[in-house]
Amino acid sequence: MRTLLITGPGGSGRTTVAAATALGAARAGLRTLVLSADRTDTLGAALGTATGAVPVQAGPDLTAWRPDATAGFRDDLTSFQGRAATVLDLLGAVRLDPEEVTPLPGAEELTLLRALRDAALTGTHDLLVVDLPPAPQALALLALPEELRRYLRRLLPPERQAARALRPVLGRLAGVPMPAEWLYETAARWDVELAAVEAVLADRGTSVRLVAEPGPAGADAVRDARLGLALRGLPVEPLLANRVLPEDAVTGVLAGLHAQQQKTLGEWTGARPLAHLGRDPRGDDDLTALAVPAVDPAASPVEWPVEDRIGADGVLVWHLPLPGAVREGLDLVRRGDELVVTAGPFRRIVPLPSALRRCTVAGAALRDGELRVRFAPDPALWPRTR
């Protein structure tokens, strides 16, 4: 199954492009599901079919779904209150009624991740098209499963469950209830759910389509988005330059805008322009007129290879592609068996490959959009040869 994540700067037309991509794939015979997290039905407006909490048939082989964040958040909170009843009573907390619960910021994004996981697990579609939020929020969303799993493992390590028999004794000695079994069960369930989302994002069939309107602001946003996606190891397809003014429509005040677009397009190597229709695309005919590129049946995974140069230079070199990174914006910190990588406004804690865990960091260099970290074998840990 292919998964296509679509994002871009706010106002770039990413939802319209997601709808056009899904429609084109469905017409090509792929069983397609398009997901959106927008509170307003922008997706339905583009498709010409209202979407909502229940998946709807938007055409032959095309299903559209806009999950209800309010209902999902309400169900999760109600379940949590039930499981945490003992602790809440101890604290004298007043329970929230389901009717007074409103979703907190970020609930839409979490609901979208859950819907993505559920859709992938059903296996009933050939293609998932996901209309992500604008690029900055999308990058934070894509990082969420990995980061939350890391927090859970640090705060509630699974190995602590081995002390479950001692918790009543420790509770009496401490005078307060110890973490109950349900807390570890909840953490384990969350870990499984997050791992399923992480598996979809890391799958070799998952890639990202960036949509941007050519211009100075679009160029800055695309550069940052590419760097953030590279740090997550997500493959990015050729950029879609949206709302490009056609040559025969450029007159008067539009001449300056056209020149600005053409300048940016010249800098976006390999970008695919989508013509401005002169109106907001609505319905099948307009989406078809956009001529969005067909979905490539196979994604091109991002590789972070380890190069063995022990014989020549005495080091192993880890290659991390980071297009758009600058030396001044890079920072590396070794933390046990992890490497904390900061690239511009983005940061990721990456587990080291097994061979590099027995090495010390010997240096790093940024060349041609690729970070190359050198590791020297630690004599105390590296296998000795006769």
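Let's start with helix α9, residues 216-231, which lies across β12 and β13 and runs at about 15° to β13. Please keep in mind that this is a predicted model. There is another helix on these strands: α6 lies across β11, β12 and β13, and runs at about 45° to β13.

So what are those strands part of? They make an open sheet of 3 strands in the order β11-β12-β13, with antiparallel pairing. Its edge strands are β11, at 330-335, and β13, at 346-351, each pairing on one side only. From one strand to the next, the twist averages 15°. If you'd like to find the register on your screens, β12, residues 338-343, pairs with β13 in the antiparallel sense over 6 bridges, and V341 stands opposite R348 in β13.

Now let's stay with α6 for a moment and look at its helix partner. Helix α5, residues 107-122, packs against helix α6, residues 135-155, at an angle of about 65°, with the axes 11 Å apart. That angle makes α5 roughly perpendicular to α6. The crossing of α5 past α6 is right-handed. Which residues meet there? From α5 we have E109, L110, L112 and L113, and from α6 we have L141, L144 and P145. By class, that contact has 6 nonpolar residues, no polar ones and 1 charged one.

On to the sheet with 8 strands. This one is open too, with mixed pairing, and the order is β3-β4-β2-β5-β1-β6-β7-β8. The edges are β3 and β8, the latter at 272-275, and each of them pairs on one side only. Ignoring direction, neighbouring strands here are turned by 25° against each other on average.

Helix α1, residues 14-27, lies across quite a list of strands: β1, β2, β4, β5, β6, β7 and β8. Against β5, at 127-131, α1 runs at about 170°.

Inside this sheet, β1 pairs with β6, residues 206-212, in the parallel sense over 5 bridges. As a marker, T7 has L210 in β6 as its bridge partner.

Let me show you one residue from β1 itself. T3 sits in that strand, which covers residues 2-7. Is T3 buried or exposed? Its relative accessibility is 2%, so T3 counts as buried. Beyond four places in sequence, T3 touches L116, L128, V130, V200, G205, T206 and S207.

Over at the edge strand β3, residues 56-59, we find A58. With 14% relative accessibility, A58 is under the 20% cut-off and therefore counts as buried. Its contacts, leaving aside neighbours within four places in sequence, are L47, T49 and A64. For L47, which is 11 residues from A58 along the chain, the C-alpha atoms of the two are separated by 7.1 Å.

Last stop, β15 and its partners. Strand β10, residues 315-321, pairs with β15, residues 370-377, in the antiparallel sense over 6 bridges, and L316 has F375 as its bridge partner in β15. Strand β14, residues 359-367, also runs antiparallel to β15, joined to it by 8 bridges. There, C359 stands opposite P377. How many residues lie between β14 and β15 in their hairpin? There are 2, and D368 in the turn has a positive phi of about 50°.

That's my tour, and I'm happy to rotate the model for anyone who'd like another look!

Terms used: Residues numbered from 1 in each chain as written. Predicted model: local features only at pLDDT ≥ 70, side-chain atom pairs only at ≥ 80, totals over all residues. Heavy atoms only, no water. Helix = DSSP H or I, 4+ residues; strand = E, 2+ residues; numbered from the N terminus. Buried < 20%, exposed > 50% of the residue type's maximum accessible area, 1.4 Å probe, protein only. Contact = heavy atoms within 4.5 Å. Axes fitted to C-alpha atoms, helices over the stretch in contact; angles between N-to-C directions. Parallel < 35°, antiparallel > 145°, perpendicular 65-115°, else oblique. Left-handed = near helix turned anticlockwise from the far one by under 90°. Nonpolar A, V, L, I, M, F, W, Y, C, P; charged D, E, K, R; others polar. Pairing = 2+ DSSP bridges.
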